[in-house]
Structure formats: structure tokens, C-alpha cells
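Hi there,

Here is the structure I promised to pass on to you. My notes on what turned up in it follow below, so have the viewer open while you read.

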Amino acid sequence: MRHIKCYMVSVCCLFVGTEIYAQTDSLALGDNRPADNRVSMGYYTMPTAAISGAMETVSGATLEKTPTADLGLSLAGRFNGLTTMEMTGALTNSYVSKFIRGVSTANGTNPLVIIDGVICPTDNWDYLTAYEIESISVLKDGSSTAIYGMQGAGGAIVITTKRGFVGKAKIEPYFDQTFQQNVHHPQLISSAEYVKMRNQAAQNDGKGPYALFSQSEVAGFEQGNNPLYPNNDWYSMFVNDWAQMQRAGLNILGGNKSIQYFTNLSYMRQSSPLKVTPNEKFDPTPWVNSLNFRSNLDLKLNDYLSGFLRLSGNVNLQKTPSSTTNASLYATVFNLPPTMYGPLTGDAPLFSAAGKELDMANQVVTTSSINAPIYGNLNRSGFLQRLETTIMAQSGLTFDMSFLTKGLSLSGMVAYQTYAYSSTATVQTYKTFVRDLSQGYDVLRFIQKSEDSPSDDVLIHGKYSQFSYTLNLFAHADYSRTFGDHSVSAMAYITSMVDDRAIPMAQVSVYGSTSIGADILPYKRLDMGATATYGYKNRYFLKADLGYTGSDQFARNYRYVATPAVSAAWIASQEEFLNENDIFTYLKLRVSYGINANDQLGGFRFMYLDEYSANGTEGTMGNPAVTAEKIAKQNYGVDVGLLKDFTLHFDYFRAHTSNMLIDGEIPMPLYGGIPGYPKLNEGEMKNHGFEASLMYQKQLGKDFSLFAGGGLAYNENRVISINEVPLGEEYKYQCRTEGYSVLQAWGYLIDYSNGNGYINTQDELKKATEMYNFSVAPRLGDFLYQNLNGDDKIDEKDRAPIGYDLIPQICYNINLGFEYRRFEFSALLQGTARSSQYVSGLGVSEVYYTDGYFSDMHTNAWTPTNHNADFPALSTAISASHEYNDFFVMNTAYLKLRNLELAYTLPEKVSRRIAAEKIRIAFNAQNLFTFDKMRTKYIDPETTNMQVFQPYRVFNIGVKATF
């Protein structure tokens with residue numbers, strides 16, 4: 001993560017709408033305690049009855065069912081319309097991409113994250129635990145996020161932490177013991193299989209039947225009992241099948257009328273997913289220790305003045321072998337062939353590169369193409385110890401001004417957020433040796449890979465540190481009043497942040513920086529907005545929102561953008577004509593229209609300025625008229641209660657971006673040597689879809705209740721215009737972006753007209769040789785491609801759209817469970833459909849490494865005697881089959897048993913023996929089963945990459961008590 005040092009100061013005024021459902025002082029910005037039937041909208045709360053937009057809320061208790069170290073993993077399947085993609089399954093540093101209702105622009109799409117009324121300035125919030133969270137809400141439509149101006153285009157994730165209450169103190173200790181199973185252990189391709197497949201690949205390339213391994217060498221590997229002919233399973237040697245995590249914590253909450261408090265302290269330890277061998281110099285065993293802390297105090301100072309104090313954070317201490325991450329080390333597990341002797345030389349003779357015999361033993365073995373093998377990285381290269389500290393502090397006051405007019409109050413808040421990173425690297429270089437096969441496999445001797453190979457006698461220490469912080473000042477006012485059947489609430493705000501150059505009234509958000517160029521400068525914004533809600537008879541609601549944002553991304557005359565919105569709701573079931581209805585027990589109609597804006601434009605800065613480098617080279621021409629993207633969003637929703645036991649929710653949405661930032665296509669004269677086109681706000685893109693959910697809940701007798709339900713979300717985007725210059729008429733598809741999904745893949749379609757889609761005969765090979773216009777000639781066993789434009793040539797002109805969007809168009813979930821006396825059971829299934837991705841690299845391409853790597857995809861490859869194959873003819877180099885084609889576009893749809901919980905609450909008489917009110921024991925499981933249509937069993941459909949940790953299957957036993 002890249003950071004810059006900055007100050008941030010902000011001042012804000014807002015009138016917070018409350019409605020009649022809660023006390024005015026509960027609506028202070030940053031004081032987002034959901035009162036009865038209230039939900040947090042980020043900067044303010046609303047009663048559920050008045051909600052006219054599209055949002056969903058999940059409690060922290062529900063998220064506790066997911067036994068993971070990263071909060072982002074617990075969101076999967078919990079929110080209809082929130083798509084999560086676990087891009088890497090690393091145990092404590094997983095990366096989860098999040099999309100709310102797909103994408104509506106080709107540029108910035110990340111959701112805004114708000115924690116206790118403060119925008120999180122970085123992505124560093126996954127350390128939060130479910131035990132400290134009251135609820136998480138997802139804001140999905142334009143009216144819900146319009147007040148956030150240029151930051152609301154991707155929707156918002158609103159996190160509200162727990163608060164105290166008026167009453168006797170509660171003490172809640174908890175403990176989780178988690179076992180994490182690696183379920184994607186790749187299939188071992190034995191040395192005997194490997195040498196045959198490598199020889200077959202070479203023969204397919206015209207190099208002869210035993211070009212890489214002689215007949216006697218093949219026989220030696222087939223025997224399998226001679227250590228000179230190794231059969232190494234490097235994955236099993238260096239990757240643990242199981243890892244463990246322990247988490248222990250304590251919540252203390254309570255209070256009186258003057259002060260309410262919530263305190264959380266949580267410790268987590270994660271064991272290593274990798275196997276290491278400690279040595280006498282140092283122990284490189286990786287581990288993670290993480291400490292979370294939180295203290296939330298709410299104060300009532302007198303009849304007119306109340307306030308709050310909050311302090312929270314995370315201290316994370318990690319140790320990894322080498323000077324890199326576990327994820328980077330994991331990627332090197334696969335680059336050694338099973339036929340390599342190792343990982344150490346043992347007592348075999350060692351020679352320098354010049355031929356001199358060396359007096360040493362147990363040196364690291366590698367191949368001629370790999371400089372840093374996995375054993376050396378893990379055990380001989382030192383270790384890295386990292387300390388990351390994140391602190392968030394908030395304090396605020398609310399002044400009740402009802403002595404002026406009933407329902408009016410003023411509030412202010414100071415929020416300080418800091419991130420500090422420090423690392424100590426202990427680095428050691430080491431020698432590597434390559435087996436000398438000049439005399440064959442029956443002789444074991446090694447040659448030093450390089451004459452100037454380093455010594456492994458010296459440990460070198462180095463330190464590095466980073467620091468960044470933000471200071472936010474807020475002030476706001478809110479008003480709420482009821483006049484008979486009429487209720488009025490309003491909110492208006494202004495925020496300001498200043499960096500260390502003391503720029504007044506400028507909001508700064510840190511998105512990362514590089515050491516040079518414009519990226520080292522902070523983003524600066526000025527934000528203000530307003531919202532107002534009118535209610536009549538608690539039945540009709542009308543809401544208006546307005547955001548107004550200025551960003552330094554744009555020139556002065558184009559710096560500010562307004563984002564208005566309007567929405568309405570009607571609770572029709574309260575009408576007299578539906579009061580006696582036994583079918584529709586609840587009926588609410590919602591409609592909204594809003595404008596959202598976006599200034600995160602593909603990472604580019606100051607696009608209104610011409611670009612020059614330090615050496616005077618002219619770059620891209622600036623466009624002084626470039627401005628923020630505007631996205632118009634519509635939402636139409638209905639909430640239905642049926643037959644007392646069923647609830648139905650349905651939303652249809654549309655989004656239209658009419659000024660999307662794109663690359664300029666208008667030729668510019670190269671005056672002064674300017675080579676680039678300016679960026680233009682001339683793109684157009686549309687996105688639409690729906691969300692539907694149905695839930696059944698039933699109480700059957702005194703001791704038994706059950707629930708079952710599911711959700712379905714669909715989204716589809718289309719690029720309408722990006723000023724794309726159409727290709728020539730000789731192209732089958734003259735546009736490659738306009739009219740298609742923003743992430744549409746393109747490639748060749750395989751021709752299955754001959755039965756299997758491969759070049760099987762010499763006649764087919766001769767014809768393909770005449771037609772294929774690639775950098776490599778086709779071979780027997782390569783794919784046959786379709787000639788779409790009919791010119792008897794296979795080239796770029798024949799490329800076609802292949803597969804669906806990378807982001808799933810359909811997401812669904814099934815949630816069910818029951819309670820019987822003291823037993824509880826719940827299960828969550830989550831899946832996707834209409835999604836695909838072009839998958840290449842390790843595990844798919846047999847030539848990804850110089851020495852080749854084979855997986856289950858390659859075991860039934862085409863050969864002259866096997867035309868009923870699942871993979872084209874193997875190769876030792878890039879072949880015509882490796883051109884982008886629809887074979888490698890894999891169906892990434894899946895269904896996962898995402899979560900399962902079985903819990904038991906001990907009888908009260910048992911709990912009282914240790915003075916506890918309640919003791920709950922739970923068994924949780926995560927990612928129990930995955931059903932997918934991937935062509936390989938060892939690549940998860942979410943990661944689509946074999947070089948990263950795949951999602952783990954997780955089992956957890958947890959105990960939580962209340963005293």
C-alpha cells in the first residue's frame with residue numbers, strides 16, 4: 001500500500017432529517033446508533049418506513065457466523081446486489097473485489113466505505129471484526145448516495161459499530177479456534193508422466209520422439225524406485241494442507257443515563273500456510289499476530305449538551321520468509337519440475353562453474369531457468385517482520401437547540417485517522433547449484449550456477465517505514481418536527497479537509513502515491529450536500545437530496561458538480577382498502593431518480609493540463625474542459641408481505657453515464673511533438689438489472705421456528721459510445737467495444753465441424769497452413785479456427801466476442817435455517833451465473849515455465865493416436881493453439897456452500913454455575929463445497945489464477961458467553 005503524509009481538516013454543517021421515530025440527538029453525524037427501526041445512511045440515520053431508495057442491512061451477529069480474519073470475506077452472499085470476488089485466498093491478506101450493481105462506468109467503480117459516519121480514506125478496513133459491528137448497510141441507488149457527490153458513483157458500504165446502553169454492564173468473552181483446509185491441492189504429475197508429456201510436446205513440435213529425455217531416462221523415471229531419478233512433489237513439500245487461526249476477545253458494554261460505553265479487545269493469531277525449516281541463524285517461520293481495540297463512549301453532559309468519544313484501531317505484526325509476502329512465495333512453488341533433484345544437494349560432489357571441486361554440502365538446488373527456487377526463498381534468504389498500526393479517533397458534541405425551535409440541534413465532530421508501517425528485513429543471499437547431467441541421470445554431481453554466486457555467511461539488516469494521517473473536522477445541524485399527520489426532517493452539510501500545505505476548504509483523500517510525478521499529491525475536494533424528507537400519516541414519503549462537490553482533478557471552471565436526487569415511497573398497505581386484506585399484509589412502493597458523480601478516472605491526474613516530463617519530453621495534451629463523470633440512476637422497488645409468513649422485495653434499476661471519460665480519437669496536429677490525444681467526456685454507457693428476494697419465516701409451536709429464502713440479482717452493462725473508430729469492412733466485427741460489455745473478451749472461435757476442433761490430418765494441416773496468419777505455423781493437434789469473414793485467412797479480422805463479462809451478471813443466494821429449543825442451524829449457499837473469464841498462465845498453459853508445467857488439463861491432450869482429447873497437442877513453446885480463443889474462456893459460474901452454522905446455548909442452570917447469563921457454543925464452516933464448470937479442478941472460479949492462494953475450506957469452533 002502506498003501512502004503520503006498529509007493533514008486533513010474539515011468543517012461541515014448539516015441538517016439531519018430524523019422523522020418522528022427517534023430522538024433528535026441520535027442523528028448526529030458520526031452518531032449512527034440505529035434506534036428502533038432505524039438504519040444508517042452513512043452521514044445520518046432514517047426510519048425504515050421512510051426509506052424510498054434501495055438498501056440492505058445485515059447485523060453484526062449474522063456476520064459472526066463467518067470465521068475469517070478479513071471482514072470482506074463475510075459479505076459474500078449476504079447482500080443482494082453486492083458482488084464479491086475473492087481474487088486471492090490468502091489467509092490474512094485476501095483481496096476481495098466488490099461491485100454494487102455491476103459497473104456503470106469504465107473508470108472508478110469501488111464502493112465508498114463509511115465507518116461510524118466518517119469516510120474511510122483507504123481500503124484498510126478489513127481488519128474489523130464482526131464482534132465489534134452493530135450492522136453493515138449497502139446503499140445501492142442514486143438517491144441514497146447523491147449527497148456524497150463525486151464519491152457516491154459506486155454505491156456505499158456503511159459500517160456501524162456497537163454502542164453501550166442504559167443498564168447493567170455486560171461482559172462478553174469469546175474464543176474461536178479455526179482450522180483452515182487447503183482443498184485445491186494440485187494433482188501431482190509424476191516424473192514418469194512429466195517426461196512422457198515433455199517428450200510428446202517436443203515430438204509435436206517436430207523434434208523427434210526422445211528429444212528431451214532419452215528412452216533409458218524415461219525407463220528410469222518409470223521404475224520410480226531410484227533416488228537418482230527423483231519424483232518430487234514440491235507442493236506437498238512446501239505447502240501445508242492445514243493451517244490454524246485462534247481469536248480471543250472481550251466485549252464490555254453498559255451504562256447509565258449520563259454515559260454509555262462499549263469496549264472491545266480482540267487478539268488473533270494465524271499460523272503459516274507454508275512449510276519452513278528453521279536453521280541455527282534464524283527462524284523464518286511465518287506467522288501473523290493481530291490486535292484490535294475499540295472504545296465507544298456516549299455522554300450526556302446536561303439537558304442540552306451530549307457528546308461521544310471513540311478510539312479504535314488495529315496493530316498487526318507479521319513475519320514472512322524472505323523479504324516478500326506469503327503470496328509471492330506461494331507462486332514460486334510451481335516453477336520446478338518433479339524430475340529435479342533436491343531441494344538440497346546432500347553430500348553429492350559440488351563443482352564451481354569453472355570445474356573446481358568445492359568442499360561444501362547441502363546447498364540449494366535449482367534449474368538453469370530459475371534463479372530463486374522455493375526452498376532457498378523459504379529457508380536461506382532471511383525474513384521480513386512488518387508492523388502495521390491503524391488508529392481511528394473521533395470525538396463530537398451535540399447541542400440541543402429546541403429552546404429556539406423544537407427539533408433543532410447543532411453538532412460537531414473531530415476525527416483523526418492514522419496509518420503507520422514499519423518493517424525490518426533480515427536478508428541473506430545463498431548459493432545455488434544445477435545438476436550436471438552431462439553424464440546422464442545415473443551420476444549425481446552439481447555445478448555452481450554462477451561463478452560469482454553469493455555467500456550465505458552474512459545477514460544484512462534493513463529498515464523501512466511509512467506514515468500517513470488525516471484530520472477531519474465536522475460540524476452540522478439537524479431538524480426534525482412532527483405537525484399532526486405531517487413530519488419534516490432536513491439535513492445539509494459542508495465538509496473540508498486540508499493537507500499539510502494548509503490549503504483551506506479542500507478535501508483530501510489518499511489513494512496512494514508514487515515517488516515522482518503528480519501521484520505524490522493528495523486529492524483535494526470540497527463537499528457539501530443536503531437532504532430533506534417529508535412524511536404524511538406515516539404512509540407517504542417524499543425525499544430530496546443534493547450533493548455539491550469540487551475536485552482538483554479539473555480546471556476551475558469545471559471543478560464543481562451538483563448531484564441532485566428525488567425519491568418517494570408509499571406504504572399502500574396502510575390504506576383503508578387494504579386494511580382488511582389477508583393476502584397483502586404489507587405493501588410498499590418505492591421510486592427514485594438521482595445523479596451520482598465520479599472523479600476517479602482510471603488513475604489519471606490533472607487531465608486539464610498538458611503533460612511534460614522532467615527531461616522536457618511532451619506527453620498527452622490536456623483538455624481544460626474535462627469534468628467529473630455523471631451517472632443518472634433510476635430505481636423502482638416494491639416490498640410485499642404475503643400471508644403473514646412471506647416477504648418479497650423487488651427492485652429494477654437503470655444507470656446511464658452520458659459523459660464517460662474516454663481516450664480522444666480526434667487527430668491532433670503534432671505541434672511541438674505532442675504525441676497524445678486529450679481525454680474527453682464523450683463516452684456513453686448503460687447498466688440495468690434487477691434484484692429480487694423472497695423469505696419465509698414461521699413459528700411452529702413454542703420451541704420450533706424456521707426460515708428459508710433466497711435472492712437473485714442481475715446486471716448487464718453496455719458501452720454505447722467511446723468514439724470508437726470502426727474497423728474495415730473486411731472485419732467480421734467492426735467494433736470491439738461499442739455495443740458490448742465493458743469487459744468483453746475477444747478471440748477466435750474453434751471450428752468443431754470436423755468433430756473435435758483439432759487439426760487431425762495432413763490435409764487439414766495443409767489447409768490451415770495456408771489460412772493461418774500467425775507468428776507460428778500450425779501443427780497437427782492445434783485448434784481449428786473459424787473463418788468468420790470468409791476470406792480464407794485466419795487473422796485478426798476473424799476475432800469474435802467470446803464469453804460473458806468478467807463480473808457475474810447473475811448472483812444468487814439461498815439462506816435457510818431453524819431454531820429448536822436451544823439449538824440453532826443456518827446455511828448459506830451463494831452462486832453466480834453468466835460469467836466467464838479468459839484463463840491462461842500456470843496450470844492452463846503448458847509452456848508457462850521454460851521447463852513446462854502440467855496439470856489435470858493436460859493429461860488427455862491430443863496425440864496422433866488420441867483424437868478424443870480434452871486439450872490440444874502439447875508444445876514446448878507458444879503454438880497456434882495459444883492464440884486467444886474460446887477454449888480458454890472458462891465458465892466461472894459456481895455454487896458454493898458458503899457458510900454453515902450449528903449452535904447450542906447451554907441451559908441457564910449450567911451457565912449460572914460460572915455466574916454467566918448465557919453460554920453459546922457454535923460450529924461454523926466456510927466454503928464447504930464448490931460446484932463449478934471450470935476445465936480444471938485446481939483453479940477456483942473466483943481467483944481464476946493458479947499462482948495465488950485458492951480459497952480455503954474453514955472449520956471453526958467458537959464459544960461466546962454473557963456475564
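S322 is buried, with a relative accessible area of 10%. This is a predicted model, and in it S322 has a positive phi of about 60° although it is not a glycine. You will find S322 in the loop that connects β14 (305-321) with α6. D792 makes a nice counterpart: D792, too, is a non-glycine residue with a positive phi of about 60°, but at 53% relative accessibility D792 counts as exposed. D792 sits in the loop between α9 and β34 (800-802).

While you are looking at the backbone, please check P343 as well. The peptide bond leading from G342 to P343 is cis, with omega near 15°. P343 belongs to the loop between α6 (326-331) and β15.

That brings us to a sheet. Five strands make up an open sheet with mixed pairing, in the order β16-β15-β21-β20-β17. The edges are taken by β16 (357-358) and β17 (364-366), each with a single partner strand, so one side of each is left without a neighbour in the sheet. Inside this order, β15 (residues 350-351) and β21 (residues 446-448) are paired in the parallel sense over two bridges. Which residue of β21 is the bridge partner of F351? The partner is I447.

For antiparallel pairing, go to β27 (residues 560-571). The two faces of β27 differ in cover: V561, T563, A565, S567, A569 and I571 form the covered face, while Y560, A562, P564, V566, A568 and W570 form the uncovered one. β26 (residues 540-551) pairs with β27 in the antiparallel sense over 11 bridges, and Y548 stands opposite A562 of β27. β28 (residues 584-598) also runs antiparallel to β27, joined to it by seven bridges. Here A565 has G594 in β28 as its bridge partner. As background, strands of a sheet pair through backbone hydrogen bonds, either parallel or antiparallel.

Now the helices. Helix α3 (residues 191-204) has 14 residues, which at 1.5 Å a residue should span 20 Å; its end C-alpha atoms are 20 Å apart, which agrees. Of those 14 residues, 11 are buried, so α3 is largely enclosed by the rest of the structure. The buried set consists of S191, A192, Y194, V195, M197, R198, N199, Q200, A201, A202 and N204. These buried residues of α3 pack against α4 (215-223). Just after α3 comes G206, with a positive phi of about 85°.

Helix α9 (residues 762-771) has a buried side made of L765, A768 and M771. These residues cover an arc of only 130° around the axis, which puts them on the same side of α9. An α-helix has 3.6 residues a turn, so residues three or four places apart point the same way. On the face turned away from that buried side, α9 carries the exposed residues Q762, D763, K766, K767 and E770.

Next to consider is S753, in the loop between β33 (745-747) and α9. Is S753 buried or exposed? S753 is exposed, with a relative accessible area of 65%. The C-alpha atoms of S753 and Q786 are separated by 9.4 Å, with the two residues 33 apart along the chain.

T832, in strand β36 (residues 823-833), is a buried residue, with a relative accessible area of 4%. Apart from neighbours within four places in sequence, T832 is in contact with P808, I810, C811, Y812, T892, A893 and Y894.

Last, the cavities. How many cavities of 30 Å³ or more are there? The count comes to 11. The largest cavity has a volume of about 230 Å³. Its lining is made by 18 residues, and L188, I189, L336, P338 and Y853 are the ones that lie nearest its centre.

Do write back if anything is unclear.

Best wishes

Definitions and conventions:
Residues numbered from 1 in each chain as written. Predicted model: local features only at pLDDT ≥ 70, side-chain atom pairs only at ≥ 80, totals over all residues. Heavy atoms only, no water. Pairing = 2+ DSSP bridges. Helix = DSSP H or I, 4+ residues; strand = E, 2+ residues; numbered from the N terminus. Buried < 20%, exposed > 50% of the residue type's maximum accessible area, 1.4 Å probe, protein only. Arc of directions from axis to C-beta. Expected span 1.5 Å × (residues − 1). Contact = heavy atoms within 4.5 Å. 1 Å grid on protein atoms, 1.4 Å probe; cavity = no way out; pocket = protein on both sides within 12 Å on 5 of 7 lines; lining within 4 Å. Points joined across faces, edges and corners; volume = space filled by probe spheres on them.
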